[in-house]
Amino acid sequence: MPLLVMKFGGTSVADLDRIKNAALKVQCEVERGYDVIVIVSAMSGKTNELVGWVEQTSPLFDAREYDAIVSSGENVTAGLMALTLQELGVPARSWQGWQVPINTTAAHSAARFVDIPRANLDQKFAEGFKVAVVAGFQGLAPDGRITTLGRGGSDTTAVAFAAAFGAERCDIYTDVDGVYTTDPRITSKARKLDRIAFEEMLELASLGAKVLQTRSVELAMRYKVRLRVLSSFEDTDDNSGTLICDEDEIMESKVVNGIASSRDEAKITLVTVEDRPGISAAIFAPLADAGVNVDMIVQNISEKDYEDHPGSVTDMTFSVPINQVERAKKAMEEARAAGTISYDDLNIDTEVAKVSVVGIGMRSHTGVAARMFKALADDNVNIKVIATSEIKISVLIDRKYMELAVQALHDAFGLEQA
């Protein structure tokens with residue numbers, strides 16, 4: 001039988017009524033002739049509650065017990081979904097990660113997939129079961145302990161099952177009806193996309209779009225798993241939502257397909273750093289060791305005999321998530337104290353935002369940067385840092401101008417038009 005994977009997030013299974021609503025959508029696919037693997041998240045708010053209990057009980061908790069506790073929310077949802085489907089007359093059973101088994105690495109709270117053997121689920125489908133309801137977000141370490149996959153792990157679970165079982169498609173049901181050209185809360189002109197390429201979605205997800213978790217898109221792109229994002233709360237058909245697919249399935253892409261924005265950014269500048277071979281490694285190795293996620297990097301033009309410095313010096317600027325500023329500051333101060341780097345000052349700006357334009361059409365069209373910078377200049381938005389890739393241009397700007405910049409760029413590239 002053809003097979004579908006359907007994933008329901010926390011808001012889609014927040015209570016018994018919503019679980020029944022999701023079950024009815026699964027029933028519709030079964031009636032269309034599909035076997036279905038359903039991946040479920042914990043009911044909305046449940047994981048945060050479990051995490052809170054762990055932190056109250058043991059501030060310096062054992063990561064293995066943490067995973068055992070926080071993964072239990074998905075187990076509850078899986079059992080309730082299976083029971084609801086059975087009440088609807090659909091042959092279904094629930095599966096916890098260890099029962100499949102979903103084999104992962106032993107990195108608790110951040111485990112990665114090793115493999116998903118098909119035998120156990122295939123046997124149940126052969127016996128006449130139509131739906132396997134699998135608890136997302138969790139797996140099994142080599143030592144037999146429960147692991148969890150980190151934030152957004154249920155999305156990644158769904159894609160991994162679609163890849164392992166050769167599913168026709170992986171449908172991600174959420175509280176939005178698809179992927180938009182930008183955040184509809186920022187501009188009412190935001191338009192739902194019918195299709196978007198894996199690479200574009202990966203960039204949008206990594207740059208601040210919250211629709212899909214980045215790891216899930218990476219996995220889908222690697223294994224060519226066709227994803228569809230659609231709403232749990234609307235009637236759907238084959239044309240609903242947004243299809244995330246290979247570039248070859250898109251007839252002709254616009255030059256720019258989306259505008260992403262993130263206000264949770266900070267800019268750090270090391271002033272008058274030595275300009276010598278190895279200085280970049282000396283700066284960014286300690287940041288990596290401290291778990292700081294560095295994004296945009298700019299090195300200024302070197303100056304000879306600048307002020308009191310006898311050799312060439314430069315300024316090094318980079319951006320980090322705002323919640324990692326203190327970690328980055330500590331890493332730089334420790335590196336200076338150890339003598340591996342030297343600098344005159346450490347400037348930190350926590351009032352910045354990142355705005356990005358994304359589109360695979362940028363590969364074959366010129367003038368995107370010029371149009372972007374002109375649109376920002378026309379609205380008096382000053383650019384602090386610029387970073388580019390083959391299909392994106394990102395800028396750091398003052399946070400207070402983020403919404404204005406998104407609206408200006410959305411208009412400049414005509415994204416409200418299909």
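Both faces of strand 9 are covered in this predicted model. R169, D171 and Y173 lie on one side, C170, I172 and T174 lie on the other, and all are buried. In a regular strand, side chains alternate between the two faces of the sheet. Strand 9 spans residues 169-174, and six of its six residues are buried, so the strand is largely enclosed by the rest of the structure.

Strand 9 has a partner on each flank in an open sheet of eight strands, ordered 3-6-2-1-9-11-12-10. Strands of a sheet pair through backbone hydrogen bonds, either parallel or antiparallel. Strand 1 (residues 3-8) pairs with strand 9 in the parallel sense, over five bridges. Within the strand 9 register, C170 is placed opposite V5. Strand 11 (residues 227-231) also runs parallel to strand 9, and five bridges join the two. Here T174 faces S231 of strand 11.

The pairing across the eight-stranded sheet is mixed. Strand 3 (92-95) and strand 10 form its edges. Each has a single partner strand, so one side of each is left without a neighbour in the sheet. From one strand to the next, the twist averages 20 degrees. At one edge, strand 10 runs parallel to strand 12 (residues 242-245), with three bridges between them. A197 stands opposite C245 of strand 12.

Helix 1 (residues 16-31) packs on this sheet. Its contacts include strand 1, strand 2 (35-40), strand 6 (131-135), strand 9 and strand 11. The direction of helix 1 makes about 170 degrees with that of strand 1. Helix 1 also packs against helix 4 (residues 72-87), at an angle of about 60 degrees and with the axes 9 Å apart. The two helices are therefore oblique to each other. Helix 1 passes helix 4 in a right-handed crossing. On the helix 1 side, the contact is made by L16, I19, K20, A22, A23 and V26. Helix 4 contributes L80, M81, T84 and L85. By class, the residues of this contact are eight nonpolar, one polar and one charged.

Helix 7 lies across strand 10 and strand 12. The helix runs at about 85 degrees to strand 10. Helix 7 (residues 198-206) packs with helix 8 (residues 214-223) as well. Their angle is about 165 degrees, and their axes are 9 Å apart. An angle over 145 degrees counts as roughly antiparallel. Helix 7 and helix 8 are therefore roughly antiparallel to each other. The crossing of helix 7 past helix 8 is left-handed. F198, E199, M201, L202, A205 and S206 of helix 7 meet T214, V217, E218, A220 and M221 of helix 8. This contact of helix 7 with helix 8 has seven nonpolar, two polar and two charged residues.

The loop between strand 9 and strand 10 (195-197) holds T187. T187 counts as buried because its relative accessibility is 8%, under the 20% cut-off. Leaving aside neighbours within four places in sequence, T187 is in contact with T182, Q407 and H410.

Another open sheet has six strands in the order 14-15-13-16-18-17, with antiparallel pairing. Strand 14 (297-299) and strand 17 (383-389) stand at the edges. Each has a single partner strand, so one side of each lacks a neighbour in the sheet. Neighbouring strands are turned by 25 degrees against each other on average, direction ignored. At the strand 17 edge, six bridges pair strand 17 with strand 18 (residues 392-398) in the antiparallel sense. T388 stands opposite I393 of strand 18.

Helix 10 (residues 325-337) packs on the six-stranded sheet. This helix touches strand 13 (258-274), strand 15 (313-321) and strand 16 (345-358). The direction of helix 10 makes about 130 degrees with that of strand 16. Helix 12 (residues 402-412) packs on the sheet too, touching strand 13, strand 16 and strand 18. The direction of helix 12 makes about 120 degrees with that of strand 13.

Methods. Residues are numbered from 1 along each chain as its sequence is written. This is a predicted model: local features need pLDDT of at least 70, side-chain atom pairs count only at pLDDT 80 or more; totals for chains, interfaces and linings use all residues. Side-chain values use heavy atoms; hydrogens and water are left out. Axes are lines fitted to C-alpha atoms, for helices over the stretch in contact, and angles run from 0 to 180 degrees between N-to-C directions. Helices (H or I, at least four residues) and strands (E, at least two) are DSSP runs, numbered from the N terminus. Angles under 35 degrees count as roughly parallel, over 145 as roughly antiparallel, 65 to 115 as roughly perpendicular and the rest as oblique. A crossing is left-handed if the near helix is turned anticlockwise from the far one by less than a right angle, and right-handed if clockwise. Contact means heavy atoms within 4.5 Å. Ala, Val, Leu, Ile, Met, Phe, Trp, Tyr, Cys and Pro count as nonpolar, Asp, Glu, Lys and Arg as charged, and the others, Gly among them, as polar. Buried means under 20% relative accessible area, exposed over 50%, partly exposed in between (1.4 Å probe, protein chains only). Two strands pair if DSSP finds at least two bridges between them.
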